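This report walks through the strands of one chain and then its side-chain contacts. Keep the structure in view while reading.

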Amino acid sequence: MGRIFVVDLEGRTYKCKFCKTHLALADDLVSRGFHCRRGKAYLFNKAVNVTVGPHEERVMLSGMHTVADIFCCCCGQIVGWKYESAHEESQKYKEGKFVLERDRIIDGVDTEFYIDTRPSISDAEDA
């Protein structure tokens, strides 16, 4: 097995929830209207730092598709799937695109803010 080279993306990113590896850019987000067994999912034009599993035929809500599960290249967790081909003409726009499951990714913005909700004494109360 060879060495893993990880791509660091610049800009607003979506990361693996488990190891924080960059997976996709917000600029490549196509739709937030997808669903999977675990809940919401997002469709992206591109994804990085993933390995693609074997192709399989799956019946999805939108019909029959050839898909492959995608895994984070660093921790090996499944993070979504890739549409390899669509059997219905109306679904061809999905071909070659990636779906990341919302409960398996974090938004780069989500991790940058921390709100302290513990009570504290302000400077005005000290006077």
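In what order do the six strands of the open sheet lie? The order is β3-β4-β8-β7-β6-β5, and the pairing is antiparallel. The model is predicted. Residues β3 (29-36) and β5 (50-60) mark the edges of this sheet. Each has a single partner strand, so one side of each is left without a neighbour in the sheet. Neighbouring strands are turned by 30° against each other on average, with direction ignored.

**Strand pairs in the six-stranded sheet**

Start at the β3 edge. β3 pairs with β4 (residues 39-44) in the antiparallel sense, over five bridges. S31 can serve as a landmark here: its bridge partner in β4 is L43.

At the other edge, β5 and β6 run antiparallel and are joined by nine bridges. The two strands form a hairpin with two residues between them. Within this pair, V52 has I70 of β6 as its bridge partner.

Is β6 largely enclosed or not, and why? Eight of the ten residues of β6 (residues 63-72) are buried, so the strand is largely enclosed by the rest of the structure.

β6 also pairs with β7 (residues 78-86). Seven bridges join these two strands, which run antiparallel. F71 has I78 of β7 as its bridge partner. β6 and β7 form a hairpin too, with five residues between the strands. In that hairpin, G76 takes a positive phi near 80°.

**The three-stranded sheet**

A further open sheet has three strands in the order β2-β1-β9, with antiparallel pairing. Its edge strands are β2 (22-25) and β9 (105-107), and each pairs on one side only. The twist averages 30° from one strand to the next. β1 (residues 13-16) and β9 run antiparallel and are joined by three bridges. Y14 has D107 of β9 as its bridge partner. Y14 returns below, among the aromatic pairs.

**Salt bridges**

Side chains of opposite charge can pair when their charged atoms come close. The count for this model comes to six salt bridges. Three of them are tabulated here.

| Salt bridge | Closest N to O |
|---|---|
| R58 and E56 | 2.9 Å |
| R58 and D69 | 2.6 Å |
| K92 and E95 | 3.4 Å |

R58 appears in two of these rows. One of its partners is E56, the other D69. The R58 and D69 pair links distant parts of the chain: R58 lies in β5 and D69 in β6, eleven residues apart. Which of these residues are buried? R58 is buried, and so is D69. Why does R58 count as buried? Its relative accessibility is 13%, and the cut-off for buried is under 20%. E56, in contrast, is partly exposed, with a relative accessible area of 36%.

The K92 and E95 pair joins two partly exposed residues. K92 has a relative accessible area of 32%, and E95 has 32% as well. Elsewhere, salt bridges that share partners join R38, E101 and R104 into one network.

**Aromatic rings**

A pair of aromatic rings is described by the distance of the centres and the angle of the planes. How many aromatic pairs does a search of the whole structure find? It finds three.

One of them is Y14 with Y42. This pair is edge-to-face, at 5.9 Å centre to centre and 85° between the planes. Y14 lies in β1 and Y42 in β4, so the pair ties together parts that are 28 residues apart in sequence. Y14 counts as buried at 1% relative accessibility. Y42 also counts as buried, at 10%.

Y14 pairs with F44 as well. The geometry is again edge-to-face, with 5.3 Å centre to centre and 70° between the planes. This pair links distant parts of the chain too: Y14 in β1 and F44 in β4, 30 residues apart. Both Y14 and F44 are buried. Through these ring pairs, Y14, Y42 and F44 are linked into a cluster.

A charge also meets this cluster. The charged end of R32 sits over the ring of Y42, 5.6 Å from its centre.

Conventions: Residues are numbered from 1 along each chain as its sequence is written. Side-chain values use heavy atoms; hydrogens and water are left out. Two strands pair if DSSP finds at least two bridges between them. Helices (H or I, at least four residues) and strands (E, at least two) are DSSP runs, numbered from the N terminus. Axes are lines fitted to C-alpha atoms, for helices over the stretch in contact, and angles run from 0 to 180 degrees between N-to-C directions. Buried means under 20% relative accessible area, exposed over 50%, partly exposed in between (1.4 Å probe, protein chains only). A salt bridge is a side-chain nitrogen of Lys or Arg within 4 Å of a carboxyl oxygen of Asp or Glu. Rings of Phe, Tyr and Trp (its six-membered ring) pair if their centres lie within 6.5 Å; planes under 30 degrees apart count as stacked, over 60 as edge-to-face and the rest as tilted. A charge sits over a ring if NZ of Lys or CZ of Arg is within 6 Å of the ring centre and within 35 degrees of the ring normal.
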